[in-house]
Amino acid sequence: MVNAGFSSTASAWPTRPADVAIVGGGPVGWAFALASRHALGAEARIIVCDPQRPQAPADQAPLGARVYLVAEGHLRWLAASGVCLPSTRSAEVSRIEVLATDGRAQLMIDASDAAAERLGLTIEHDALTAAIASHARTLGVTQHAVRVEALTMLDGVRWVETADGALEAARLVVLADGRHGALAKRAGFERLERDYGQVGVVAHFRLGRRDGGAARQWFLPDGSILALLPLADPQAPQDGSPGNSCVSLVWSCATERGEALLALGPKALTEAVREVAGRAVGLAECISAPVAFPLTLARVADPVGERLLLAGDAAHAVHPLAGQGVNLGLADARVWQAVLAEARAVGCDAGHALLLSRHRRRRQGPVLAMQATIDGLWRLYNRAPAPLAELSGRAMRALSSLPAFRHRLAGAAVQIAV
Ligand SMILES: Cc1cc2nc3c(=O)[nH]c(=O)nc-3n(C[C@H](O)[C@H](O)[C@H](O)COP(=O)(O)OP(=O)(O)OC[C@H]3O[C@@H](n4cnc5c(N)ncnc54)[C@H](O)[C@@H]3O)c2cc1C
């Protein structure tokens with residue numbers, strides 16, 4: 001069988017090789033497509049291979065399970081790239097609060113500390129991916145609805161091969177196939193993985209009264225971390241009232257505890273969350289069936305191969321405690337756009353080794369730093385003796401009272417170092 005744009009034999013080229021072929025059409029894969037299009041211009045051939053086509057949720061459709069807090073710096077990049085995010089399905093985040101179970105704030109970061117109007121937006125996985133994909137398509141990026149099985153080097157180009165033997169040649173393949181990293185392993189990348197022995201339990205709740213755009217987090221004595229993110233309510237009338245009327249839960253906890261939470265009915269789950277968050281947030285009802293995701297730390301020793309670049313979760317998966325998963329992947333795409341634009345001036349193609357090593361140099365440090373920070377924080381609360389964790393809570397409260405510290409943190413939250 002020959003797929004649109006693919007050829008069934010290596011000798012019959014479908015057209016000239018793609019400049020960039022992206023395997024995996026999640027938010028990061030499509031962000032790379034957009035970045036490549038802007039850097040290389042309209043003549044470049046850019047394709048995305050993914051059997052799933054991104055679907056924008058219908059206006060009043062129930063909210064999808066996975067919700068991201070996308071940092072303001074990335075939102076500005078998306079807007080400057082022409083992407084329009086649906087306002088009915090996103091909520092502004094103007095404050096981040098880390099709280100103790102007695103309701104005392106241990107750390108507070110406000111957008112005003114960074115002289116910004118907001119720190120970011122929360123948006124569902126499907127709405128974000130579909131918005132980026134839809135704009136990339138209007139700029140001429142094409143999607144092949146195929147599952148890729150192998151990546152081979154031959155005659156100086158990368159060959160992308162599907163299960164039925166169809167082929168596509170590319171100057172560069174960006175592998176953004178998500179956290180399982182199956183293709184990266186097959187392509188010989190050394191992938192380091194550590195299972196946290198935890199799951200992230202996700203569910204959405206309606207509030208009794210509107211809230212003011214705060215993302216809140218509790219580090220609990222049993223080592224679990226409960227986070228509530230502001231959430232849009234697509235089923236509520238759009239009357240322009242400020243604040244959010246729903247929240248999204250990510251409760252990172254031991255696998256057995258996660259299974260127990262999944263087994264609770266909506267009322268009992270609301271009660272369990274209220275026991276932790278009740279002083280800060282007025283939960284009314286649970287409006288989605290809870291789902292759980294296994295949590296792992298993963299990274300590759302080197303994200304670059306011959307005419308091959310790993311990006312997003314395929315290159316680095318992190319614990320969701322800092323909400324950085326998709327932000328790290330969007331940072332990969334922004335840096336790639338800058339590197340590729342520089343290359344165009346000197347006339348090398350997208351898969352040139354010089355470009356790939358420049359991208360590696362710019363991303364390896366920030367990615368490692370972010371992974372070490374998130375993992376270190378997780379260890380502090382899960383592995384450190386209780387007095388040390390309590391001491392760190394007190395230290396956080398003291399630091400949080402310093403305007404200069406809050407200013408630095410807020411600036412970092414808005415920008416996300418790239
Ligand atoms: C519980 C939980 C909560 C999270 N919360 C947050 C949060 O608040 N903020 C945040 O920033 N991040 C969060 N994340 C992380 C976030 O989900 C990931 O970082 C993000 O999805 C990574 O995007 P991606 O495009 O790299 O991969 P994915 O979104 O996983 O996309 C991979 C794509 O590749 C395709 N694919 C796979 N194999 C193939 C193949 N062989 N051929 C072709 N296509 C293929 C798949 O169909 C899929 O579309 C959370 C994760 C979890 C588990």
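**Figure 1. How much of the protein is buried, and how the chain is built.** In this predicted model, 44% of the 418 residues of the protein count as buried. The secondary structure comes to 10 helices and 21 strands. If you look at contacts with a separation of 6 or more, 77% of them are between residues 24 or more positions apart.

**Figure 2. The shell around the ligand.** There are 33 residues around the ligand, and those that come nearest are Gly 26, Gly 178, Gly 200, Gly 312 and Gly 325. Sorted by character, the shell holds 14 nonpolar, 13 polar and six charged residues. Helix H1 (27-40), strand E3 (67-71), strand E13 (191-211) and helix H7 (325-346) are worth picking out here, as each supplies at least two residues of the shell. Which element gives the most to it? That is H7, with four residues.

**Figure 3. Leu 175 in the largest nonpolar core.** This core has 115 residues, and Phe 32 and Leu 175 are the ones with the most contacts inside it. Not counting residues up to four places away in sequence, Leu 175 touches Val 23, Gly 24, Leu 183, Ala 184, Leu 308, Leu 310, Ala 311 and Ala 314. As a bit of background, nonpolar side chains in soluble globular proteins tend to be buried together.

**Figure 4. Ala 203 and its surroundings.** Now to strand E13, where Ala 203 is found. Is Ala 203 buried or exposed? Ala 203 is buried, because 24 other C-beta atoms lie within 10 Å, and the cut-off for burial is 20 or more. Leaving aside neighbours within four places in sequence, Ala 203 is in contact with Leu 249, Leu 269, Cys 286, Ser 288 and Pro 290. Try a distance check, too: the C-alpha atoms of Ala 203 and Leu 262 are separated by 9.6 Å, although the two residues are 59 residues apart along the chain.

**Figure 5. The open sheet E3-E7-E4 and helix H2.** Three strands form this sheet in the order E3-E7-E4, with antiparallel pairing. At the edges are E3 and strand E4 (90-93), each of which pairs on one side only. From one strand to the next, the twist averages 30 degrees. E3 and strand E7 (residues 120-124) run antiparallel and are joined by five bridges. For a handy landmark, find Ala 71, which stands opposite Gly 120 in E7. Helix H2 (residues 72-80) lies across E3 and E7, and H2 runs at about 85 degrees to E3.

**Figure 6. Strand E2 beside strand E1.** Strand E2 (residues 46-49) is covered on both faces: Ile 46 and Val 48 are buried on one side, and Ile 47 and Cys 49 are buried on the other. Strand E1 (residues 20-23) runs parallel to E2, and four bridges join them. One pair to look for is Val 23 with its bridge partner in E2, Cys 49.

**Figure 7. The open sheet E9-E10-E11.** Here, too, three strands form an open sheet, in the order E9-E10-E11, and the pairing is antiparallel. Strand E9 (148-154) and strand E11 (167-170) stand at the edges with a single partner strand each, so one side of each has no neighbour in the sheet. On average, and with direction ignored, neighbouring strands of this sheet are turned by 25 degrees against each other. Six bridges join E9 to strand E10 (residues 157-162). To find your way between these two strands, start at Leu 154, which stands opposite Val 157 in E10.

Conventions:
Residues numbered from 1 in each chain as written. Predicted model: local features only at pLDDT ≥ 70, side-chain atom pairs only at ≥ 80, totals over all residues. Near = placed C-beta within 6 Å. Nonpolar A, V, L, I, M, F, W, Y, C, P; charged D, E, K, R; others polar. Core = buried A, V, L, I, M, F, W, Y, C linked by C-beta atoms within 7 Å. Buried ≥ 20, exposed ≤ 12 C-beta atoms within 10 Å, placed from the backbone. Contact = placed C-beta atoms within 7 Å. Pairing = 2+ DSSP bridges. Axes fitted to C-alpha atoms, helices over the stretch in contact; angles between N-to-C directions.
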